[in-house]
Amino acid sequence: MAMAAATKPAAKELVVLGGGISGLSLAYFLRRALQQQQAPPARIRVVDAAPHAGGWIRTAKRSEFLFEEGPRGFRPSRNGAEILRLVEELGLQRDMRTVDAAAKSRYVLRNGHVEKLPSNVREILTWPLTKELVKAGAHELFTKRSALPDESIYDFASRRFSPLVAERLLDPVASGIFGGDIRNLSVRSCFKMLYDLEQEHGSVVRGMLFGKSPADDTLLDGSTKSDFVRSHESSVSVSFQDGMSTLMNALEAQIQADPLSEIHLNTKVNAIQPHSTSTSSPPAFTIKLQDSTVTQPHEIEVSHVFSTLPAFQLASAVESSLPALAKTLQEIQFVSMGMVHVGFSDRVLDSDGFGYLVPTCERERVLGVVFDSNAFPSQNAASRSMQTRLSIMCGGAHFPEITDLGLDEVEKLARDAVKRHLGISKEPDYVRSMVLHNCIPQYHVGFWKTLETIESQLVPGMSLGGNSFYGVGLADCVTRSKELALEKKRLPPLACYKMAHLVPTRALDSVYDPVYTVSRSGGRFSKGVYRASGSKPPTAATSSNNNNNNSTAGYVMVSGAERPKFFRRPILPHLQAELPEVLLSPPVLATSTSSALKNRLNEEQHEMASTTRSVGIQTMYRDSDAQTDPYTPDYTIKKSQSATTAKEPPEVLSLLHLRHNQGLPAGQAEIELIERNRKKKAFDASLPPMTDEASFLLRKSMMEVQETREWAFREAEIDQLHAQRIALLQQALVERDKENEFLAEQRVEALRAKLVHEKENAIERIQQERVTALRKLTKKRQHGLLASPSKAKRDIIQEYTDFGSKVYAPVTRNGKSGKVDILEVGIGKQQYKQIESLIELEAAVPPRMLLSSKLKPPEKSVRTAKERKQAAIEAHLLKMESIIKKSKETIEDASPSSSHGSMSSPTPMRSRHSSLHQAQVMTRPPTPDYALPSDEDDSMADAVRLLQKLIRGRAVQNMMFEGKERRAELIQELRASDEAYKQDQLDKQLLDVVDDNKVASATLAKAEGEVISDMLDFLYKELDRSKEIAKMRAFVDNAAEARRRLEVEEGGRRQAEDLLRGREDEVFRCIERVHQETASDLILDIIGGVIQEQAHIAAMDELNVMTNGVSNIVMQLEETYNSDAVIVKELVASFLLPQVQRLNVRDQVAHEQQKYVTAAHSVLTKMVHQMKAAET
């Protein structure tokens, strides 16, 4: 028991996470690989969280418009051999469609206009970017190989070619495929071919020209590529008649048809828990799943996990069990895309290309537009063959805000782009918008290192596939799936599958071919006959689906996928099943067959011998190469009908000349032909016999009427043919006019593009000249400022408007006083930035300068002009009041001394004080005393008050005058500007008046001048034209006269030459004839003489011989052997038999030549019929 437990294998169950193209193809290839090896049964589960299989591939058909919500096809040109082989295995060759030949043109948006990329030498020579590309190609040839292991697409293209190539060519391609930024995408992971060419050949251009490797004719599984794969391997893009969902539906049907394969939809993967991470123990995993239809999650135990999930979904599933792997997976970023489908019932698109891409430098929010109706016109609705279908792509790395927009905003954005780029403003008949979240992975710089890290962090029994790691294309996904299926070391051991699950290329080959041979020629399944070993019937193990079947006497019931290979006709569900016809042993059949079985066989033989039985057979050609015209059997007349046929042939014999597409299937014209033949037969039957004169006349009149009808019918038929030809000619003329209009539009567009290009070049040249001039001017200004710095003019208005200027804030705020600039020496030097130097400077400063002032600085507050004026008046009044008080005190102190001795002489000090007081009184009169109320005092007070008012007014005037003097420059500048403005206005008015007068006079003069100039110009031109006409007429007359004179002279000269030449030729011919006749006569005479002489000599010799010896012998022989029978026999053998043989040979040669002539005639007749059919 312990040994059995130790050797027990792991659970033979495989799980494929993800039901997209990668997951479904992986499950299909796994089942194929398991069936081709000897292993125990293994169960395959496909798990996907979506409600339908196929992943991003989904075809929507609404309102007779077919659109792809995801990928619209695959490119087999690089690594598409495996997906083409998959299409062939699924039997989808007839449904597959390649890109239409008229839609192979590519366009790109340049300067807001859709521009065609060149596809031939002529377009390359006229393309505006050809010059830059040639320079970039020449630069690339001499650029050294980079030592970096990886770099961005932009850096690679800019380094090897130019930034123009990166921005105008590679950027739209990368945006259309990856939807990303070429400054972040890896050239090694995204465009590996370019990276390999640089590494292997040192140059991309050199590698593309001289480094082409021979094409590999072998698939991954070791098989050779079929003709179908080779013929479509170079196609640009491939789809299907009903969309890409055809491939997904076929894969899903193949998987669900297998009893050991399952597809679980609406099932999310919550966690992946490996049982062990060591390589010694067998791999085993626990997968936690959550079905949306069930509240409770469930778990499954599997032996191998194939993940085709996106990187971020797989990271969340392994975050708890494999945190390092989850962290690395989270480094792969994804972008979202917006897709808008627009459909029109009629043709509104003038272009015939595949679509156009938008570079990032165009600052557009769309990535490109695909012309679906041009790329795959077979997908257009049959009732609307001229419909227009457009797919607009937007979003990506340059517009990540696409996920925040509503569907209405996305639709508006796409329609606006179509209107601006293609000029289509018509309201569409069908619009549908969607946003695909996190649909395309971004292969960042260094992605190859990230992928190596991920592969090293995988546990045994876990494999990765899908577009997150090994390529975003459908062909990349299918190729990776097949690689995973063929890795035998990761598959569980297989031991019990005896035969492969065969998918015939043509499903009905085994039905209608009695000698059908399956792909596996060995074993018991060979040539459609089951070869049993001995007399024992096959067991359930040999059946394709392991079902138990009971055998009957002499027969065996065969069922399952191989059942059609053993029967002459298909066993359909709605038909009654017939007895099988698999022969086991002829002796057993002869001895143990019951009477009922014999009757059944007799009935089948009678049925096979029926005259109406049709038999088909397999051909050596494929469906794409075999003849597609239906087979029309020959009509054979039965012997029982031969007597009646001799009198009246069957009606069907009149239709023997009809063939497929040449009258068959029968239409209205053929039906009318049959009716006319029947009427002719009835007319012929109704004709009276020619027994007497009356019957003869009646017959003649009837035949004339019938002939008239025939001619009328023939005339109507000719008129109908003429009408058809006229309609075809009119249609051809309309098409020719359309083609001419299209060519004219193309010429106008080419001329416009040329003018726009010239305009752009002119603008670019002017811009360059402007930049050059600005740079020179800047250098001159800098040089002028450095050479002779000039003191800027003081802006008085700006200083008075700025309250922080020195007018309102003097230099005392900066620690300075006075208007003289203080020279600060040594303060900013480097030595005074150290603490020791500062201490020495502080010790050298006098102590009094270090003491702070005890005076409190006045508080400064910002006051208005009115407040400042009021404060000045108050200060002046206070000052005057203090002076008055001081003068009063002085008078009071001087009054007692004057009463005691007014005549006493004052001291010197006193006199000086008095003089000062008098001076002060003179400048500042004392205030009157109001002590004594008297009239004089009142008058004095009034005078004093008046004097005070005068003084105050004078003080105010002085203050105003000082302010005016202080602001004299400002006032002058303001007055000057005002006067200048007024002068300008006055001058402007005067100029306007003068200009109006000048304009009026100029207009009048212009009108008069134009009339006079036109009249003079007309007169001058008429005079010049009349002179030219007279001159030309005179020149023509002179030329005609000279020509006639030369013709006459030349004619006479040629006539004389011809006469002389003819006379000389005749003399030469006569002389030559005489010489030839003389030579001929001489030769004939010599030959005749020689012949006569030789003949005479020979005759004499023969006569002598005959006379001497031969005559006697001949006579004896003639007498002995020359009987009549012998002579006749010799004559016949010598003359008649050779002639008969020659005639026979001549007949044989003529017969052989007649065969070739007949074959050539049949070929020519067939070609003529085909040409007539093509014309009709």
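This report walks through a few features of a predicted protein model.

## The overall picture

Let's start with the whole chain. The protein has 1176 residues, and 27% of them count as buried. Its secondary structure adds up to 31 helices and 23 strands.

How do the contacts spread along the sequence? If you take contacts between residues at least 6 apart in sequence, 69% of them join residues at least 24 apart.

## A pocket with a big share from one helix

The second largest pocket holds about 1900 Å³ of space. Its lining is made up of 43 residues, and Y107, K116, Q746, E749 and A750 are the ones that lie nearest the centre. Sorted by class, the lining has 17 charged, 15 nonpolar and eleven polar residues.

Which elements give two or more residues to that lining? They are strands β6 (106-110) and β7 (113-116), along with helices α4 (121-126), α16 (407-422) and α24 (693-787). Of these, α24 gives the most, with 16 residues.

## Two buried loop residues

S105 sits in the loop between β5 (96-98) and β6. Is S105 buried or exposed? Its relative accessibility is 15%, so S105 counts as buried, the cut-off being under 20%. Setting aside neighbours within four places in sequence, S105 is in contact with K116, G353, F354 and G355. K116 has come up already, as one of the residues nearest the centre of the second largest pocket.

V358 is also a loop residue, found between β15 (355-357) and β16 (366-371). With just 2% relative accessibility, V358 counts as buried too. If you again skip neighbours within four places in sequence, its contacts are L109, P172, E364, V366, L367 and G368. There's also a long-range pairing to look at here: V358 and D171 are 187 residues apart along the chain, yet their C-alpha atoms are separated by 8.5 Å.

## Where α6 meets α7

Next up is a helix pair. The axes of α6 (residues 153-160) and α7 (residues 163-178) come within 8 Å of each other and cross at roughly 145 degrees. The crossing is right-handed.

Which residues make the contact? On the α6 side they are I153, Y154, A157 and S158, while α7 brings P163, A166, E167, L170 and A174. By class, that gives seven nonpolar residues, one polar and one charged.

## Two asparagines with positive phi

Most residues other than glycine have a negative phi. Against that background, two asparagines are worth finding in the viewer.

N266 has a phi near 55 degrees, a positive value in a residue other than glycine. You'll find N266 in the loop between β9 (261-264) and β10 (267-274). Its relative accessibility is 26%, so N266 counts as partly exposed, a class that runs between the 20% and 50% cut-offs.

N438 has a phi near 50 degrees, again positive in a residue other than glycine. Where does N438 lie? This one is found in a strand, β18 (residues 430-442). At 33% relative accessibility, N438 counts as partly exposed as well.

Conventions. Residues are numbered from 1 along each chain as its sequence is written. This is a predicted model: local features need pLDDT of at least 70, side-chain atom pairs count only at pLDDT 80 or more; totals for chains, interfaces and linings use all residues. Side-chain values use heavy atoms; hydrogens and water are left out. Axes are lines fitted to C-alpha atoms, for helices over the stretch in contact, and angles run from 0 to 180 degrees between N-to-C directions. Helices (H or I, at least four residues) and strands (E, at least two) are DSSP runs, numbered from the N terminus. A crossing is left-handed if the near helix is turned anticlockwise from the far one by less than a right angle, and right-handed if clockwise. Contact means heavy atoms within 4.5 Å. Ala, Val, Leu, Ile, Met, Phe, Trp, Tyr, Cys and Pro count as nonpolar, Asp, Glu, Lys and Arg as charged, and the others, Gly among them, as polar. Buried means under 20% relative accessible area, exposed over 50%, partly exposed in between (1.4 Å probe, protein chains only). On a 1 Å grid over the protein atoms alone, a cavity is a set of points where a 1.4 Å probe fits but cannot get out, and a pocket is an open set with protein on both sides within 12 Å along at least five of seven lines; lining residues have an atom within 4 Å of a point. Grid points are joined across faces, edges and corners, and a volume is the space filled by probe spheres set on the points.
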